[in-house]
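Student: I would like a close look at one helix and the packing around it. Please take me through it in one go.

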Amino acid sequence: MVATTPGYHGHLAAQNAEFRSMVVPPTVLPRFDSPIDPFRISKFLGTETPESFGSTTGKFPEHANNLLGFKFSWSPRGALLSQLNSAQFLSEGKTVEISNKHLMGVAKPYFVLDGYDFVAYPNRNSVPSRDFYNIPEADTVIRGSLRYQGNPAFVKALTDLGWLDTQAKDWLKPGLTWAEVTHKAIGSRDTSESSLIARVKELCRFPNETESDRIIDGLRWIGLFSSEQATVRSGNLLDTLCAQLEKELSYRPGERDLVILQHKFVIEWDGGKRETHISTLELYGDPEGYSAMAKCVGVTCGIAAQLLLDGHQALKTPGVFAPYKKEICDPIRELVEMEGIKMVERIL
């Protein structure tokens, strides 16, 4: 038996029947948000189902005190590459597709709670969620990622400049300075800061001078124009950049992270009354203990594992269990809430 935290992707769903016929021991796939989504939806099954469902989530430093608006408690590589995925979602019954090239450009301001300046953009493929959650009447289904305002534009600039390229470069060798690496990467006239900045402006096509100054200041702050020797890693630009980000943007002693998760369900009841049900999680990490992300993922997975070991009735059948059914979600959610990971609900 296994409890692990990847999502319930198509290849696992397709193999589930085979797993069951082979009497594979139960495998549970909890995510830190997943016990919440289906439970909220299951409240309406048998009465009315949501006509739209939206879910946004993000992990941040408590204070956005750098120009990237982000810090890393693990390798920056995965976080940056996640912002290079294409996206699909349902909007008023139509499938909308956004290429990875344009994803950061569609980030829009998104209000969650007072005191935060967030933007949101679509996260990968939301279309199968309508079937996973069994809400066929929903004509709008979208899962999104949250970032502090300004982060997507900065990541887009890094992409435009080639810094998220994973391909090995023959010229990228130890001994180069950061200015020399940037010069080679973007094709500037020379390694002087003025030449580097001129080429950055050509490639990024900033919408205005204010945004140009903000992002160029950030590139300078990271050190990409400096004469210091670069830490070349794996012979590619992304991993070399990550080496620098790990040094400049890691959590310092006393700092804590923040996890925000919000679900919105629009319900139309018999008689035409419409309500928007909003569930919000705001969870801070402990600088002396576990991060908020570690709590959300680790506690959820640990509870699922304990239920498996205890032989919980909902998890006895062989196969792969994803948390999209009430009988699986409820026991996990109840125990997660006892650990202080609880959403606050309101109805508009």
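Tutor: Start with the buried residues of H5: Asn151, Pro152, Phe154, Val155, Ala157 and Leu158. This is a predicted model, so every value here is computed from predicted coordinates. The cover over the buried residues of H5 includes the helices H3, H7, H8 and H9. Two strands also belong to that cover, E7 and E8, the latter spanning 140-148. After H5 comes glycine 162. Its phi is positive, near 90°.

Now the core. H5 (151-160) is one of the elements that each supply at least two residues to the largest nonpolar core. That core holds 45 residues. Trp163, Val200 and Leu219 touch the most other members. Several other helices each supply at least two residues as well: H3 (76-82), H6 (178-186), H7 (193-204), H8 (209-222) and H9 (237-248). Strands E4 (87-91) and E7 (118-122) do so too. The top contributor is H9, with five residues. As a general point, nonpolar side chains in soluble globular proteins tend to be buried together.

Tryptophan 163 ties several of these pieces together by contact. Leave aside its neighbours within four places in sequence. Tryptophan 163 then contacts Leu158, Trp178, Val181, Thr182, Leu224, Leu237, Leu238 and Leu241. Of these, Leu158 is among the buried residues of H5, while Leu237, Leu238 and Leu241 are among the buried residues of H9. There is also a second, separate core, of 18 residues. Its members include Ala292, Ala304, Leu315 and Phe321.

H9 deserves its own check. Nine of its twelve residues are buried, so the helix is mostly covered, with under 20% relative accessible area as the cut-off for buried. The buried set is Leu237, Leu238, Asp239, Thr240, Leu241, Cys242, Ala243, Gln244 and Leu245. Note that Asp239, Thr240 and Gln244 are in that list too. The cover over them includes H3, H5, H6 and H8. The geometry of H9 can be tested against its residue count. At 1.5 Å a residue, its twelve residues should span 16 Å. The C-alpha atoms at its ends are 17 Å apart, which agrees. At the N-terminal end, asparagine 236 acts as a cap. A side-chain oxygen of asparagine 236 lies 3.1 Å from the backbone nitrogen of leucine 238.

Next, the empty space. Rolling a probe the size of a water molecule over the atoms shows where space is left. The count here is two cavities of 30 Å³ or more. The largest cavity holds about 40 Å³. Its lining consists of Gln83, Leu84, Asn100, Lys101, Met104, Lys156 and Thr159. Lys156 and Thr159 fall within the H5 range, 151-160.

Two loops ahead of H5 hold backbone angles worth a look. Most residues other than glycine have a negative phi. Arginine 124 has a positive phi, near 55°. Arginine 124 sits in the loop between E7 and helix H4 (129-132). With 44% relative accessibility, arginine 124 counts as partly exposed. Asparagine 134 also has a positive phi, about 55°, although it is not a glycine. Asparagine 134 is in the loop between H4 and E8. Its relative accessible area is 48%, so asparagine 134 is partly exposed.

The loop between H6 and H7 contains serine 192. Serine 192 is partly exposed, at a relative accessible area of 29%. Its side chain makes a polar contact with the side chain of aspartate 190, at 2.6 Å. Glutamate 180 is twelve residues from serine 192 along the chain, and their C-alpha atoms are separated by 9.1 Å.

Compare another serine. Serine 52 belongs to strand E3 (residues 52-61). Serine 52 counts as buried because its relative accessibility is 15%. Leaving out residues up to four places away in sequence, serine 52 touches Ala138, Thr140, Lys264, Phe265 and Val266.

Last, the whole chain. The protein chain has eleven helices and twelve strands. Of its 348 residues, 47% are buried. Take the contacts with a separation of 6 or more: residues 24 or more positions apart account for 72% of them.

Terms used: Residues numbered from 1 in each chain as written. Predicted model: local features only at pLDDT ≥ 70, side-chain atom pairs only at ≥ 80, totals over all residues. Heavy atoms only, no water. Core = buried A, V, L, I, M, F, W, Y, C linked by side-chain atoms within 4.5 Å. Buried < 20%, exposed > 50% of the residue type's maximum accessible area, 1.4 Å probe, protein only. Helix = DSSP H or I, 4+ residues; strand = E, 2+ residues; numbered from the N terminus. Contact = heavy atoms within 4.5 Å. Expected span 1.5 Å × (residues − 1). Polar contact = N/O pair within 3.5 Å; in protein donor to acceptor, adjacent residues only side chain to side chain. 1 Å grid on protein atoms, 1.4 Å probe; cavity = no way out; pocket = protein on both sides within 12 Å on 5 of 7 lines; lining within 4 Å. Points joined across faces, edges and corners; volume = space filled by probe spheres on them.
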